[in-house]
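Hi everyone, thanks for making time for this one. I'd like to walk through a single chain with you, so please have the viewer ready.

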Amino acid sequence: MKKSEKTEITVAKIVEAAMAEFGANGYAGGTVNNICKTGINKGLVYHNFAGKDELYLTCFKRSCEELITYVNEHDGTTDFNRYMSVRMDFFHQFPYEAHIFFEVLLNPPPHLSDEIQDALEEFNGLNERICKQTLDMLTLCEGITMEDALSYFHLMQTMLNGYFSSPAFQNVVLKEKVKMHETIIPKLFDFMLYGIAKGEK
């Protein structure tokens, strides 16, 4: 076996162990020592990764990539409601990925913010593409541009994430946060598109 192939297998084993560790214990609770307790040599970990931060970011990037692949493979880009349904299926089937993804989305380690934004670029692009597809099928109100509508959606999403990161949810377990977060987003999108009142009687 070539050296490059051995390295690839070693890295895959390390990442699998890191996914389980951070998926169960999060960034704060996850440690390289625990990852090594699965039978992985600590020297090999530090030979392939700079440390805990790089491992965590690798796991987050993998979670994003697997989510996007799952959405594309399960016809999740046809419309917004289908997209959200497929997303929920993914997070239900892959709890480690869900834990890592939503921890970063709602309670990111502050010192990794730049790297996280870079890692989120493709996911954010997917969100924008699906929102734009939905908006393209509608007639926007006079004076409202596509850019206005997308900016409003981004603002509302940021506010929602901030709400779930607030002290109001500090005692809610992450699994329940995920369920609530993914349930509220489609309703929020409907409110944005169609409003919440029929108008004056």
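Let me start with a small puzzle: does Asp75 count as buried or exposed? Asp75 counts as exposed, because its relative accessibility is 52% and the cut-off for that class is over 50%. Before we go further, please keep in mind that this is a predicted model.

So where are we when we look at Asp75? This residue belongs to the loop that runs between H4 and helix H5, the latter covering 80-93. Have a look at its backbone too: phi of Asp75 is near 55°, which is a positive value in a residue other than glycine.

Step back along the chain and you meet Glu73, in helix H4, which covers residues 52-73. Glu73 is another exposed residue, at 61% relative accessibility. If you want a feel for distances, draw a line from Glu73 to Tyr46: the two are 27 residues apart in sequence, and their C-alpha atoms are 35 Å apart in space.

Now let's zoom out. The protein chain has 10 helices and 0 strands, so reading along the sequence gives the pattern α-α-α-α-α-α-α-α-α-α. Along its principal axes, the C-alpha trace spans about 70 × 40 × 30 Å. There are 201 residues in the protein chain, and 39% of them count as buried. As for contacts with a separation of 6 or more, 68% of them are between residues 24 or more positions apart.

Let's turn to the surface. The protein chain exposes about 11,900 Å², and carbon and sulfur atoms supply 54% of that area. On the charge side, we have 19 positive and 28 negative side chains, with the centres of the two sets 8 Å apart.

Which residues form the negative surface patch? They are Glu65, Asp114, Glu115, Asp118, Glu121 and Glu122. Helix H7, residues 113-119, and helix H8, residues 121-136, each supply at least two residues of this patch. The largest share, 3 residues, comes from H7. If you'd like one residue to click on, try Asp118, which lies in helix H7 and is exposed, with a relative accessible area of 57%.

There is a nonpolar patch to show you as well. Met137, Leu138 and Tyr194 make a nonpolar surface patch of about 340 Å². Tyr194 sits in helix H10, which covers residues 174-194, and it is exposed at a relative accessible area of 54%.

Let's stay with helix H10 but move to the interior, to His181, which is also in this helix. How does it compare with the cut-off for burial? His181 counts as buried because its relative accessibility is 1%, and buried means under 20%. Which residues is His181 in contact with, leaving aside its neighbours within four places in sequence? The list is Arg87, Phe102, Leu105, Leu106, Leu160, Asn161 and Phe164.

To pull helix H10 together, then: it holds the exposed Tyr194 and the buried His181. And to return to where we began, Asp75 is the exposed residue in the loop between H4 and H5. Thanks for listening, and I'm happy to rotate the view for anyone who'd like another look.

Technical notes. Residues are numbered from 1 along each chain as its sequence is written. This is a predicted model: local features need pLDDT of at least 70, side-chain atom pairs count only at pLDDT 80 or more; totals for chains, interfaces and linings use all residues. Side-chain values use heavy atoms; hydrogens and water are left out. Patches are made of residues with over 30% relative accessible area and no salt bridge: like charges are joined within 9 Å, nonpolar side chains (Val, Leu, Ile, Met, Phe, Trp, Tyr) within 5 Å. Accessible areas come from the Shrake-Rupley method with a 1.4 Å probe; for residues, only the protein chains shown count as cover. A salt bridge is a side-chain nitrogen of Lys or Arg within 4 Å of a carboxyl oxygen of Asp or Glu. Lys and Arg count as positive and Asp and Glu as negative; His and the chain ends are not counted. The place of a charge is taken as NZ of Lys, CZ of Arg, CG of Asp or CD of Glu. Helices (H or I, at least four residues) and strands (E, at least two) are DSSP runs, numbered from the N terminus. Buried means under 20% relative accessible area, exposed over 50%, partly exposed in between (1.4 Å probe, protein chains only). Contact means heavy atoms within 4.5 Å.
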